[in-house]
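Student: I would like to take a close look at a single part of this protein, the sheet, and to understand how its strands are arranged and what surrounds them. Could you take me through that part slowly, and then show me how it sits beside the rest of the chain?

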Amino acid sequence: MFGRVMTKPDQPFLLDTLRAEIHGIGVLAAPADPDLPVPACPGWTAGALVRHLGGVAHRVTDWVDSQTLPLEWEQEPPAGRDVLSWFQAAADGLFRSLASRPPSFPCQTWFPADRTYGFWRRRMAHEFTVHRVDLEQALGLPPVVDPALAADGVDEVLTVWLAEGNRPAPEDTVSVDASGEVFEVRCAGRVWTVRMPSGTGNPLVRPEPAASADGRVSGAPADVYLWLWGRGPADPLTVTGDVSGLRAALAAVTRYAA
């Protein structure tokens, strides 16, 4: 029923991260002008970002609680309800749902390799972290990401989003450029090799060094994490070769600007 479960060590800090990010987003959003532009998401405002997160929280909570992909979910606050309190209630409900079972407990997800509560804890920890960074950048504040969380996030964006092609719903397909290029990413003593398809199919991501690569990128975990998500420049990183194809592929699957 639940498919294959990915075996991995428990990462309890992810649930703590989600709780902290929910609080942080509330603190940042409360005084912010809702019309403030979000640099990493052209066309988005601070208010739209908070509504997005409220909708995500409702959708994932419905998915987890019902164990069925929700075709309809609450994406806007009811008439007369302010956006921030609606977001806070939705996010708190999400946290309670994800904290109600151990991370290894079976749960429906959109990622075939991991059908557990742990998948959603990890995914939501990074969803809320990335968008907290968005609010900080909109407010002109320098974002800070914990190195351990960032290293886990580098793995998540490469092995879940890029390798899977980000298909959270059956009708939602995303293709990346079939260039055949090879890229290597390094941070925190870890390495990932990304092989782009030369034809159809998803990129192949493996935790091993590349014998040869078209481009390599390495740096502090937070700097690599923010760059992969399109939230940080390449300036703090060590880059050899051309890694623009990697950023373009990530932009395609995450829907953010390259």
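Tutor: A residue is called buried here when its relative accessible area is under 20%, and by that rule 50% of the 258 residues of the protein count as buried. Please keep in mind throughout that this is a predicted model.

Before we turn to the sheet, it helps to have the whole chain in view: the secondary structure comes to 7 helices and 5 strands, and along the sequence these follow the pattern α-α-α-α-α-β-β-β-β-α-β-α. Among contacts between residues at least 6 apart in sequence, 63% join residues at least 24 apart.

Now to the sheet itself. Strands of a sheet pair through backbone hydrogen bonds, either parallel or antiparallel. In this protein the 5 strands form an open sheet, and if you walk across it you meet them in the order E3-E2-E1-E4-E5, with mixed pairing. The two edges are strand E3 (204-206) and strand E5 (238-241), each of which pairs on one side only, and the twist from one strand to the next averages 15°.

Let us stay with E1, which has E2 and E4 beside it in the order of the sheet. Strand E1 (residues 182-187) runs antiparallel to strand E2 (residues 190-195), and the two are paired over 6 bridges. You can follow this pairing by looking for Val-182, whose bridge partner in E2 is Arg-195, and then for Cys-187, whose partner in E2 is Arg-190. E1 and E2 form a hairpin with 2 residues between them, and Ala-188, which lies in the loop between these strands, has a positive phi of about 50° although it is not a glycine.

With E4 the arrangement of E1 is parallel, and this pairing extends over 4 bridges; to find it in the model, look for Val-185, which stands opposite Val-217 in E4. Helix H6 (residues 221-228) packs on the sheet, where it touches both E1 and strand E4 (215-218), and its direction makes about 140° with that of E1. Of the 6 residues of E1, 5 are buried, so this strand is largely enclosed by the rest of the structure.

Finally, we can look at the helices that come earlier in the chain. Two packed helices are described by the angle between their axes and the distance between the axes. For helix H3 (residues 83-99) and helix H4 (residues 117-138), the axes come within 10 Å and cross at roughly 150°. Angles over 145 degrees count as roughly antiparallel, and H3 and H4 are therefore roughly antiparallel to each other. Their crossing is left-handed.

To see where these two helices meet, find Phe-87, Ala-91, Leu-94, Ser-97, Leu-98 and Ala-99 in H3, which are in contact with Tyr-117, Trp-120, Arg-121, Met-124 and Phe-128 in H4. Sorted by class, the residues of this contact are 9 nonpolar, 1 polar and 1 charged. In the loop that leads from helix H2 (46-66) to H3 you will find Gln-67, which has a positive phi of about 60° although it is not a glycine.

Conventions. Residues numbered from 1 in each chain as written. Predicted model: local features only at pLDDT ≥ 70, side-chain atom pairs only at ≥ 80, totals over all residues. Heavy atoms only, no water. Axes fitted to C-alpha atoms, helices over the stretch in contact; angles between N-to-C directions. Parallel < 35°, antiparallel > 145°, perpendicular 65-115°, else oblique. Left-handed = near helix turned anticlockwise from the far one by under 90°. Contact = heavy atoms within 4.5 Å. Nonpolar A, V, L, I, M, F, W, Y, C, P; charged D, E, K, R; others polar. Pairing = 2+ DSSP bridges. Buried < 20%, exposed > 50% of the residue type's maximum accessible area, 1.4 Å probe, protein only.
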